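Trainee: I am new to this structure and would like to take a close look at a single part of it, the surroundings of the ligand. Could you take me there step by step, starting from the overall layout of the chain?

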Amino acid sequence: TSSNTIRIEDLDELSKKSYPPCMRRMHETLRAKHHLRHAARLQYTLFLKGAGLSLEDAMKFWRSEFVKVMAVEKFEKEHSYNIRYNYGKEGKRCNYAPYGCNKIMNSQPGPEDASGCPFKHSKPQELRKLILSYGIDSNQGLKDVMEYVNSQQPVLACQKLFVLSHPGKGVEFGLCHPNQYFTESRTIITG
Ligand code: SF4
């Protein structure tokens with residue numbers, strides 16, 4: 001729930017254990033390249049807000065990566081406004097909602113973008129790698145997930161991955177939102 005908070009120092013571990021693949025891919029891209037393109041920044045900022053990262057920590061987190069590839073002044077000028085904006089602190093002061101699966105799946109990421117839904121937008125070999133990075137332990141599991149992908153049912157593929165990466169737990173929700181994936185995972189893991 002929104003009353004939960006998450007901390008910057010936990011993000012790497014959370015991304016491995018409880019992020020859905022769309023968010024995990026953006027997190028890992030950000031860590032590797034210290035940058036994300038516009039659509040991915042937006043999707044990931046809103047997800048983190050929904051997951052309970054405070055505005056102050058969001059600013060620190062993005063700044064710490066971006067300043068590895070740009071001047072602090074450039075970050076402050078071009079990016080800090082957008083982060084505050086997405087937290088509803090600038091412009092219309094609308095508190096923007098994190099994107100749901102439909103919205104993410106209906107976006108049209110370019111070839112260089114880390115945004116979008118990997119089950120719909122990623123190339124098969126990249127997707128396999130991403131799925132296997134969840135440590136699922138059977139070829140059958142990968143096959144089951146890929147069957148949903150190949151029959152163009154990305155949400156069911158994601159839900160299947162959730163089940164496989166939380167062994168012993170059934171899935172008692174109909175997936176429609178990355179923040180829901182995250183919350184359900186945290187509930188299972190932290191009991
Ligand atoms: Fe993210 Fe939803 Fe796609 Fe899963 S199905 S990767 S939660 S957009």
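Mentor: The protein chain is divided into two parts, domain 1 (8–86) and domain 2 (101–190), and the centres of these domains, taken over C-alpha atoms, are separated by 21 Å. Where the domains touch, domain 1 contributes 18 residues and domain 2 contributes 20 residues to the contact. On the side of domain 1 that touches domain 2, the elements giving two or more residues are H2 and helix H3 (38–51), and by class this side has 11 nonpolar, four polar and three charged residues. Please keep in mind that this is a predicted model; the mean pLDDT of the protein chain is 93, with 98% of its residues reaching 70 or more, and for the complex the predictor gives an ipTM of 0.99 and a pTM of 0.94.

With that layout in view, we can turn to the ligand. Both domain 1 (8–86) and domain 2 (101–190) give residues to the shell around the ligand, so the ligand lies between them. There are 14 residues around the ligand, and those that come nearest are Pro 20, Cys 22, Cys 101, Cys 117 and Cys 158. Two or more residues of this shell come from each of helix H2 (21–33), helix H6 (101–105), helix H7 (118–121), helix H10 (154–165) and helix H11 (178–190). As for the character of the shell, its residues divide into 14 nonpolar, no polar and no charged.

Among these elements, H10 deserves a longer look. H10 has 12 residues and reaches 16 Å from its first C-alpha to its last, which is close to the 16 Å expected at 1.5 Å a residue. The buried residues of H10 are Pro 154, Ala 157, Cys 158, Gln 159, Lys 160, Leu 161 and Phe 162, and Cys 158 is also one of the residues that come nearest to the ligand. What covers the buried residues of H10 includes H2, H6, H7, helix H8 (124–132), helix H9 (139–150) and H11.

The loops that lie before H10 in the chain are also worth visiting. Gln 152 is found in the loop between H9 and H10, and Gln 152 counts as exposed because it has 10 C-beta neighbours inside 10 Å. The backbone of Gln 152 has a positive phi of about 60 degrees, although this residue is not a glycine. Most residues other than glycine have a negative phi. Ser 138, for its part, sits in the loop between H8 and H9, and with 9 other C-beta atoms within 10 Å it is exposed. Ser 138 and Leu 164 are 26 residues apart in sequence, yet 9.1 Å apart in space from C-alpha to C-alpha.

On the domain 1 side, begin with the loop between helix H1 (11–17) and H2, where Ser 18 lies. Ser 18 counts as buried because it has 25 C-beta neighbours inside 10 Å. The C-alpha atoms of Ser 18 and Tyr 181 are 163 residues apart along the chain and are separated by 7.5 Å. Leaving aside neighbours within four places in sequence, Ser 18 is in contact with Phe 182, Ser 185, Arg 186 and Ile 189.

From there, move to the loop between H2 and H3, in which His 34 is found. His 34 is partly exposed, with 14 other C-beta atoms within 10 Å, and its phi is near 60 degrees, a positive value in a residue other than glycine. His 34 is also touched by Phe 66, which in addition touches His 35, Phe 75 and His 79, not counting residues up to four places away in sequence. Phe 66 belongs to helix H4 (residues 55–66) and counts as buried, with 22 C-beta neighbours inside 10 Å. Between the C-alpha atoms of Phe 66 and Leu 36, which are 30 residues apart along the chain, the separation is 8.8 Å.

A last stop is helix H3, where Lys 49 lies. Lys 49 counts as buried because it has 22 C-beta neighbours inside 10 Å, and, not counting residues up to four places away in sequence, it touches Ala 58, Asn 86, Tyr 87 and Pro 98. The C-alpha atoms of Lys 49 and Ala 114, which are 65 residues apart along the chain, are separated by 18 Å.

Conventions. Residues are numbered from 1 along each chain as its sequence is written. This is a predicted model: local features need pLDDT of at least 70, side-chain atom pairs count only at pLDDT 80 or more; totals for chains, interfaces and linings use all residues. A residue is near a molecule or strand if its C-beta atom, placed from the backbone, lies within 6 Å of it. Helices (H or I, at least four residues) and strands (E, at least two) are DSSP runs, numbered from the N terminus. Ala, Val, Leu, Ile, Met, Phe, Trp, Tyr, Cys and Pro count as nonpolar, Asp, Glu, Lys and Arg as charged, and the others, Gly among them, as polar. Domain bounds come from an automatic or database domain assignment. The expected span of a helix is 1.5 Å times one less than its number of residues. A residue is buried if 20 or more other C-beta atoms lie within 10 Å of its own, exposed if 12 or fewer, and partly exposed in between; C-beta atoms are placed from the backbone. Two residues are in contact if their C-beta atoms, placed from the backbone, lie within 7 Å. pLDDT is the predictor's confidence in each residue, from 0 to 100.
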